[in-house]
Amino acid sequence: MTELSHTRNFCIIAHIDHGKSTLADRMLEMTHTVEDRLMREQLLDNMDLERERGITIKSHPVTMRYESETGEIYEFNLIDTPGHVDFTYEVSRSMAACEGAILVVDSAQGVEAQTVANTYLAIERGLEIIPVLNKVDLPNADPDGVAKQIEDILGIDTSDGLRISAKTGEGIRAVMEAVIKYVPPPVGNRDDKTAPRALVFDSIYDAFRGVVTYVRVKDGQLKMGDAVRLMSTGAVTQIKEVGIFSPKQLPQKILRAGQVGYLIGTLKTPADIQVGDTVTSEKSPATEPLPGFSPIKSMVFSGLYPVDTGDYEKCRQSLDKLALNDSAFTYHSESSTALGFGFRCGFLGLLHMEVIQERLRREFDLDIISTHPGVVYRVYTRDGKMQEIDNPVFLPDPSRIEKIEEPMINAFVICMNEHIGELLRLIMERRGEVTKTESIDTSRVMLTSTLPLNEILTDFHDNLKSATKGYASMDYEHSGYQVSPIVKMEILLNSEPVDAFATLVHKDKAVERGRQICKALSEAIPPHQFTIPVQAALGRTIIARETIRAFRKDVTAKLYGGDVTRKMKLLEKQKTGKKKMKQFGKVNVPQTAFISVLKTNTN
């Protein structure tokens with residue numbers, strides 16, 4: 001058993017691709033936590049999606065035993081965290097299980113937007129921050145310049161700045177020694193008579209064993225056979241197994257205060273476990289729960305519908321299990337006349353939405369389609385009430401609306417000096433305004449701007465990278481609401497509105513967006529036996545139109561002569577039939593039409 005004074009809990013934070021997972025690999029190698037034959041690159045990124053995209057999506061805890069230069073044995077509990085802005089909640093939850101953070105900065109790229117955001121998160125949590133300059137072996141590395149950036153922008157002393165190469169292993173032992181020196185040991189009482197308290201910071205669902213709960217034990221002990229209670233939900237369970245991550249689950253007899261590990265009980269329902277809850281004893285419970293996490297509000301909403309309506313129940317169960325593993329994801333049931341029964345889902349951003357959809361397809365074998373992503377608008381009606389609308393279907397009648405407010409963000413973009421002009425143009429096109437410009441060094445600048453969240457949803461990040469040849473990085477935070485002329489645009493097929501295509505858009509961009517959707521639909525919907533008008537409408541005003549021409553059946557083919565009036569009679573009969581068909585005929589919209597509307601470029 002390792003004493004509390006010889007235990008260290010820390011996480012690794014950084015911008016995307018600055019070397020977090022590679023540094024974790026070297027630490028695992030140095031402490032011989034994983035056998036050499038089982039070692040591979042980015043070992044903690046165990047999801048196929050993470051390895052394909054080269055990004056960390058989930059936090060991954062691991063327990064290591066390290067022998068210091070003085071010969072003493074220490075227990076290191078490390079959590080590797082994501083770097084993308086869409087997974088910030090994942091990072092903040094991981095920090096609650098730690099006392100320190102290793103801040104990794106790329107010596108060639110310098111301080112990036114997410115470096116700043118993650119550092120402020122760590123400071124708010126009161127963590128001890130150890131700055132580490134990675135990739136010093138690169139020919140274009142500038143560790144001295146980057147160290148000065150860290151001091152100027154983040155206000156962190158880099159006089160003892162560690163300079164490492166996570167790829168070659170240079171300087172890794174110095175990082176391990178710095179963890180012992182600077183990260184304080186956890187505080188807690190390990191006495192078995194103390195009422196146990198453990199913070200739930202993540203969970204996963206195992207098909208055979210039920211809910212596996214990730215915990216950081218703050219006080220007391222948890223062992224197999226104990227009856228425990230979750231303080232917020234009141235759910236009671238008996239512990240069947242406790243253990244640590246090495247990095248696979250390794251059963252232990254007892255989890256003591258200061259340790260990070262997992263517990264498996266008899267709970268089979270994902271809804272019984274909430275991230276941020278406190279686990280305590282059922283017999284002698286703690287009186288005060290541990291401070292949890294402030295609930296996160298979804299920023300982007302989209303409808304997810306199973307392609308096969310018979311998969312609705314399977315889809316609901318899959319979302320239950322996914323929400324257990326990703327507490328920033330929310331959902332509730334909804335229905336659409338065009339798509340049937342589905343779910344309205346909330347995400348932190350567009351990458352978060354893509355990852356959730358891909359995980360549903362891969363992990364749960366679901367075939368799904370999604371509606372166009374949108375944000376939450378605040379609608380004030382003339383009777384003094386306020387509604388939050390995330391679906392255009394629920395927008396009140398325009399005559400009752402006094403004003404509509406849309407969510408705004410503060411965006412922090414770090415770019416090269418020569419790309420400022422392109423970025424200013426891009427931000428102004430998206431109805432944004434640059435409020436502040438700061439020079440980071442001789443070649444880079446940080447732009448602070450205010451933008452509507454709706455404008456960055458679809459292709460803003462792609463255009464940002466294109467305009468700056470891939471050099472820009474961006475982070476953003478929610479900054480309240482602002483009154484805007486938002487209107488509901490409906491799409492009519494054969495004069496009938498289709499609610500799945502309805503969107504809330506800015507009045508100035510409605511015509512352009514309407515033309516794009518109409519054109520996409522006219523190409524995606526196959527011809528019927530009658531002409532189909534595809535129209536975009538604001539209220540009763542048609543702002544765009546495309547026509548799907550009818551395919552013509554040759555009714556005169558069987559004629560082999562005779563008077564021309566016979567031919568005219570058949571054509572007249574066909575014309576009357578087409579009129580009647582247009583009046584009563586139903587337009588069949590294929591699934592490809594919904595996808596083509598999502599792919600229409602909003603730029």
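Helix α8, residues 350-363, lies across β17, β19 and β20 and runs at about 165° to β20. Gln357 belongs to this helix. With a relative accessibility of 9%, Gln357 counts as buried, because the limit for that class is under 20%. Leaving out residues up to four places away in sequence, Gln357 touches Leu304, Ile368 and Ser370. The model described here is predicted, and the values given for it are computed from its coordinates.

The strands under α8 belong to an open sheet of 4 strands, in the order β18-β19-β17-β20, with antiparallel pairing. The edges are held by β18 (330-336) and β20 (368-370); each has a single partner strand, so one side of each is left without a neighbour in the sheet. From one strand to the next, the twist averages 30°. Within this sheet, β18 and β19 (residues 340-347) pair in the antiparallel sense over 7 bridges. Ser333 stands opposite Phe343 in β19. Helix α7 also packs on this sheet, where α7 touches β17 (300-306), β18 and β19, and the direction of α7 makes about 15° with that of β19.

Helix α7 leads to another sheet. This one is open and has 8 strands, ordered β11-β10-β16-β7-β8-β15-β12-β13, and its pairing is antiparallel. Which strands stand at its edges? They are β11 (236-238) and β13 (249-252), each with a single partner strand, so that one side of each has no neighbour in the sheet. The twist in this sheet averages 40° from one strand to the next. Helix α7, residues 312-325, packs on the sheet by touching β7 (197-206) and β8 (210-219), and its direction makes about 145° with that of β7. Helix α7 thus has contacts with β7 and β8 in the sheet of 8 strands and with β17, β18 and β19 in the sheet of 4 strands. At the β13 edge, β12 (residues 241-245) and β13 are paired in the antiparallel sense over 4 bridges. In that pair, Phe245 stands opposite Gln249 in β13.

Cysteines come next. Cys345 is buried, with a relative accessible area of 0%. Its sulfur is 7.3 Å from the closest cysteine sulfur, that of Cys315, which is too far for a bond. A disulfide is a covalent bond between the sulfur atoms of two cysteines. The structure holds 0 disulfides. Cys415 also counts as buried, at 0% relative accessibility.

Towards the N terminus of the sequence, the strand β2 (residues 60-67) is mostly covered, with 6 of its 8 residues buried. Strand β2 runs antiparallel to β3 (residues 73-80), and 8 bridges join the two. Val62 stands opposite Leu78 in β3. The hairpin of β2 and β3 has 5 residues between the strands, and in this hairpin Gly71 takes a positive phi near 90°.

A loop residue is also worth following. Leu395 lies between β22 (386-389) and β23 (401-416), in the loop. Is Leu395 buried or exposed? Its relative accessible area is 15%, so Leu395 is buried. Apart from neighbours within four places in sequence, Leu395 is in contact with Val379, Ile389, Ile401, Ile404, Lys488 and Leu504. Leu395 and Val487 are 92 residues apart in sequence, while their C-alpha atoms are 9.6 Å apart in space.

For the protein as a whole, there are 13 helices and 31 strands. Of the 603 residues, 52% are buried. Among contacts with a separation of 6 or more, 70% join residues 24 or more positions apart. The accessible surface comes to about 27900 Å², and carbon and sulfur atoms account for 50% of this surface.

Confidence in the prediction varies along the chain. The average pLDDT of the protein is 81, and 88% of the residues score at least 70. Among the elements, strand β21 (residues 377-381) has the highest mean pLDDT, at 91, and helix α2 (residues 48-53) has the lowest, at 54. Where pLDDT is low, the predicted coordinates should not be read in detail.

Key: Residues numbered from 1 in each chain as written. Predicted model: local features only at pLDDT ≥ 70, side-chain atom pairs only at ≥ 80, totals over all residues. Heavy atoms only, no water. Pairing = 2+ DSSP bridges. Axes fitted to C-alpha atoms, helices over the stretch in contact; angles between N-to-C directions. Contact = heavy atoms within 4.5 Å. pLDDT = per-residue confidence, 0-100. Buried < 20%, exposed > 50% of the residue type's maximum accessible area, 1.4 Å probe, protein only. Areas by Shrake-Rupley, 256 points an atom, 1.4 Å probe, with all protein chains shown as cover. Disulfide = S-S within 2.5 Å.
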